[in-house]
Amino acid sequence: ASHDMMTHGAFVNPKNPQLRTVEVPIQNLPEAFNNYKIVHISDIHLGSWGSNHSYFEPAIRLINEQEADLLIFSGDMVNNYQEEMRGWAPLFQQLKARDGKFAVLGNHDYGDYSEWDSPEHKVANLDSVKMHLKNFGFTLLLNEFKDLKRDSATLELLGVENWGKPPFPKYGNLDKTLQGTKPGEPKILISHDPSHWKGEILNHPDIALTLAGHTHAAQMAFNWYGKMVSPSSWIYKEWDGLYKEGSQYLYITRGLGFIGIPVRIGVARPEVTLIKLVPATIQ
C-alpha cells in the first residue's frame with residue numbers, strides 16, 4: 001500500500017491543488033473591508049518543477065476563480081537560482097487580484113544554500129530574483145508596508161524579509177517595517193517563516209493577521225543538510241492552518257510546490273487559500 005501511496009503522491013498531487021477557505025475575524029476592521037478576499041499562496045519552488053508549466057495551470061485557474069481583492073505570495077519562489085524563474089512570467093502574469101499582487105522573500109530566495117564564486121554573484125542572483133518577481137506582477141514588500149484603500153478606509157499590508165530560526169538568517173526587521181504605520185490600525189503582515197509569530201509578532205497587537213508558509217506541512221520529509229527530517233510538527237509548534245492567540249491570528253499555508261522529492265503525501269496536498277476578513281464581534 002505504501003508503494004501505491006508513493007506513486008499517487010508523486011504523480012497526482014502537484015497538479016491537484018486544494019482550495020481552503022477560512023474566515024478571519026479582525027478587531028477594528030473598517031466597514032469597507034468586510035468580506036475582503038485575500039488569496040494566499042506560497043512555496044512554489046520553481047526549480048523543482050523544471051519547465052513543466054502544466055503544473056501551475058490548475059492553480060492559476062483556481063486562484064482566478066476566487067476573484068480576490070488581494071493576492072499574497074509568502075515566499076520561496078525558487079530553490080536557489082534566478083534561472084529557475086525564466087519562462088514563467090507569462091503564467092504568473094495571468095494571475096489577477098483587484099488591489100494587486102504582493103510578495104515577500106522566503107529563505108530559499110536569498111541563495112543562501114548555494115556555493116557562490118563571489119559575494120557579487122550572490123547579490124546579482126538576488127537582484128535578479130527580485131526583478132523576476134516584479135515582472136511576474138508582484139509588488140515586493142521588503143521590510144515595508146502599503147496602504148490598501150477602500151472608499152475612505154485603510155488597511156495596512158506589511159511585508160517583512162525572511163525572519164528565521166537558526167540555521168535560517170534573520171533579514172526581517174519588524175520595527176523598520178512598522179515605521180510610518182498608524183498605531184491602533186489593523187495590520188496584515190506577510191512573513192515567510194511562522195516561527196516569527198511567537199518570536200516577536202505577538203508583541204504587536206495591531207498585527208491582526210500574519211500570513212506565512214515555509215513548513216510545507218512536512219510534505220513528508222526533507223533532506224536537511226544530509227539528515228532526513230519530518231514531520232514539521234517536530235520543528236514548528238505552528239505548522240499548518242489557522243492559529244490564534246488573543247485577538248491575533250496566524251495562517252500557515254502548505255504551499256504549492258515541493259522541495260527535494262517531488263512528492264506530497266496524504267494531507268499535504270498543494271494549497272491555494274482563500275481568506276475572508278470579517279469584523280471581530282466583541283467577546
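## Two sheets, two cores and their salt bridges

Ile41 stands opposite Phe73, a residue of strand β3. This pairing belongs to a predicted model, and the account below starts from the sheet in which it is found.

### The sheet around β2

Strands β2 and β3 run parallel and are joined by four bridges. Strand β2 is also joined to β14, here by five bridges and in the antiparallel sense. Within that second pairing, Ile38 has Ile275 of β14 as its bridge partner. Both pairings fit into an open sheet of six strands with mixed pairing, arranged in the order β1-β14-β2-β3-β4-β5. The edges are taken by β1 and β5 (139–140); each has a single partner strand, so one side of each is left without a neighbour in the sheet.

Is β2 enclosed or open to its surroundings? Five of its six residues are buried, so the strand is largely enclosed by the rest of the structure. In a regular strand, side chains alternate between the two faces of the sheet.

Helix α2 joins β2 and β3 in a right-handed β-α-β unit. Its buried residues are Pro58, Ala59, Ile60, Leu62 and Ile63. The elements that cover these buried residues include β1 (18–26), β2, β3, α3 and β14. In an α-helix, which has 3.6 residues a turn, residues three or four places apart point the same way. Just after α2, Glu67 adopts a positive phi of about 45 degrees.

### Nonpolar cores

The largest nonpolar core contains 37 residues, and Ile44, Phe56, Met77 and Phe92 have the most contacts inside it. At least two residues of this core come from each of β2 (36–41), α2 (57–65), β3 (70–73), α3 (89–92), α4 (119–135) and β14 (271–279). Helix α2 gives the largest share, four residues. A second core, separate from the largest, has 25 residues, among them Ile26, Phe33, Ala153 and Leu277.

Which residues does Phe92 contact, leaving aside its neighbours within four places in sequence? They are Ile44, Leu46, Phe56, Met77, Lys101, Phe136 and Phe138. Three of the names on that list, Ile44, Phe56 and Met77, also appear with Phe92 among the residues with the most contacts inside the largest core.

### The sheet from β6 to β12

Another open sheet has six strands in the order β6-β7-β8-β9-β13-β12, again with mixed pairing. Strands β6 (144–150) and β12 (241–245) are its edges, each pairing on one side only. From one strand to the next, the twist averages 20 degrees. At one end of this order, β6 and β7 (residues 153–159) pair antiparallel over seven bridges. Lys146 stands opposite Leu157 of β7.

### Salt bridges

Side chains of opposite charge can pair when their charged atoms come close. The model has nine salt bridges. One of them joins Glu271 to Arg20, with 2.8 Å between the closest N and O atoms. This pair links distant parts of the chain, since Glu271 lies in strand β14 and Arg20 in strand β1, 251 residues apart. Glu271 has a relative accessible area of 0% and is therefore buried, the cut-off being under 20%. Arg20, at 22%, is partly exposed.

Another salt bridge is formed by Lys187 and Glu156, whose closest N and O atoms are 3.0 Å apart. Lys187 is in strand β8 (residues 187–190) and Glu156 in strand β7, so the pair ties together parts that are 31 residues apart in sequence. Lys187 and Glu156 are both buried.

Glu271 also meets Arg254 in a salt bridge, at 3.7 Å from N to O. Because Arg254 lies in the loop between β13 (248–252) and β14 while Glu271 lies in strand β14, this pair ties together parts that are 17 residues apart in sequence. Arg254 counts as buried, with a relative accessibility of 4%.

| Salt bridge | N to O distance |
|---|---|
| Glu271 and Arg20 | 2.8 Å |
| Lys187 and Glu156 | 3.0 Å |
| Arg254 and Glu271 | 3.7 Å |

In addition, a network of salt bridges links Asp69, Arg98, Asp99 and Arg150.

Notes
Residues numbered from 1 in each chain as written. Predicted model: local features only at pLDDT ≥ 70, side-chain atom pairs only at ≥ 80, totals over all residues. Heavy atoms only, no water. Pairing = 2+ DSSP bridges. Axes fitted to C-alpha atoms, helices over the stretch in contact; angles between N-to-C directions. Core = buried A, V, L, I, M, F, W, Y, C linked by side-chain atoms within 4.5 Å. Buried < 20%, exposed > 50% of the residue type's maximum accessible area, 1.4 Å probe, protein only. Contact = heavy atoms within 4.5 Å. Right-handed = clockwise from strand over helix to strand, strands pointing away. Salt bridge = Lys/Arg side-chain N within 4 Å of Asp/Glu carboxyl O.
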